[in-house]
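Visitor: I'm new to this one and could use a hand. Could you take me slowly through the spot where the first two helices come together, and then show me what is around it?

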Amino acid sequence: MAAIRIARDDDAAAIHAIYAPHVASGVATFETVLPGVEAMRERLRVRLKHYPWLAWEEAGEVLAYAYAGRFRERAAYDWIAETSIYVRADAQRRGIARALYGVLLEAMRLQGLTQAVGVITLPGTASVAMHEAMGFTSAGVWRQCGYKLGQWWDVGVWQKELQPAANPPPAVTPFPALAGTSALRALLDRAAGRT
């Protein structure tokens, strides 16, 4: 039985193991040096102070994770967040990414975020297809902006409206304040019933 839940400190090793191949030999991330388990644990702690970080677990093993993070530092960007998802190689092509990402986006909506942004190294065919199937639309391309594995890469930006933007907008709820609510529990319970 699969479960989608809030990631925990003790997930850091599994999360690092999922992420490591993308650092070492992939371009889903432009990070080029493995951060290490402790650094990953710290990233998890820092991110969860403001945004959701979710894990997909089966039989006690984390097979995927997804999180949101600050898009830009200026206060005017408070209502938009960048999203990321990574699925363990042996768990891909099972619908995990779409299911987990869908719950992440709904948690972001519950926080009061209005926009999600996915940043994809091109061609990124599978990632582009997933984002577009989930309602993201292309918002532009940054040409030859990343150099990794001996070549330059273009990066595409995909954007999704999570809810209409109010004027003035209410403050975004920090994820810890949402984490204990019945709304988030209901979301995670519904997700468990679908997995």
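**Where two helices meet**

Guide: On the α1 side, Ala12, Ala13, Ile15, His16 and Tyr19 make contact with Val37, Met40, Arg41 and Arg43 of α2 (contact means heavy atoms within 4.5 Å). Keep in mind that this is a predicted model, where local features need pLDDT of at least 70 and side-chain atom pairs count only at pLDDT 80 or more, while totals for chains, interfaces and linings use all residues. Numbering starts from 1 along each chain as its sequence is written, and side-chain values use heavy atoms, with hydrogens and water left out.

Helix α1 covers residues 12-25 and helix α2 residues 37-47; they pack at an angle of about 105°, with axes 9 Å apart. Axes here are lines fitted to C-alpha atoms, for helices over the stretch in contact, and angles run from 0 to 180 degrees between N-to-C directions. The element names come from DSSP runs, numbered from the N terminus: H or I of at least four residues for helices, E of at least two for strands.

Let's stay with Arg43, one of the α2 residues in that contact. Its side chain meets that of Glu31 in a salt bridge, 2.6 Å from N to O (a side-chain nitrogen of Lys or Arg within 4 Å of a carboxyl oxygen of Asp or Glu). Since Arg43 sits in α2 and Glu31 in the loop between α1 and α2, this pair ties together parts that are twelve residues apart in sequence. Arg43 counts as partly exposed, because its relative accessibility is 31%. The scale goes like this: buried is under 20% relative accessible area, exposed is over 50%, and partly exposed is in between (1.4 Å probe, protein chains only).

Elsewhere, salt bridges with shared partners make one network out of Arg5, Arg8, Asp10, Asp11 and Glu57. Inside that network, the side chains of Arg5 and Asp11 meet at 2.7 Å, N to O, and both of these residues are buried. The side chains of Arg8 and Asp10 meet as well, at 3.2 Å, N to O. Asp10 counts as exposed because its relative accessible area is 57%, whereas Arg8, at 40%, is partly exposed. Over the whole structure, a search turns up 14 salt bridges.

Arg5 leads us to helix α6, too. Leu188 is a residue of α6 (residues 182-194), and leaving aside neighbours within four places in sequence, Leu188 touches Ile4, Arg5, Ile6 and Val103. Leu188 has 14% relative accessibility, so it counts as buried.

Now step back to the sheet. Seven strands form an open sheet with mixed pairing, in the order β1-β2-β3-β4-β5-β7-β6 (two strands pair if DSSP finds at least two bridges between them). At the edges stand β1 (2-6) and β6 (137-148), each with a single partner strand, so one side of each has no neighbour in the sheet. From one strand to the next, the twist averages 25°. Strands β2 (residues 53-58) and β3 (residues 61-70) run antiparallel and are joined by six bridges; Leu54, for example, has Ala66 of β3 as its bridge partner.

Two more helices pack on this sheet. Helix α3 (residues 96-111) touches β1, β2, β3, β4 (80-87), β5 (115-121) and β7 (151-161), and its direction makes about 155° with that of β4. Helix α4 (residues 125-133) touches β4, β5 and β7, with its direction at about 165° to that of β5.

For a last stop, look at Thr121, which is found in β5. Thr121 counts as buried because its relative accessibility is 12%. Not counting residues up to four places away in sequence, Thr121 touches Val27, Ala28, Phe30, Trp153, Asp154 and Val155. To tie this back to where we started, the C-alpha atoms of Thr121 and Arg41 are 25 Å apart, with their positions 80 residues apart along the chain.

Just along the chain, the peptide bond from Leu122 to Pro123 is cis, with omega near 15°, and Pro123 is in the loop between β5 and α4. Most peptide bonds are trans. Another cis bond runs from Asn167 to Pro168, with omega near 0°.
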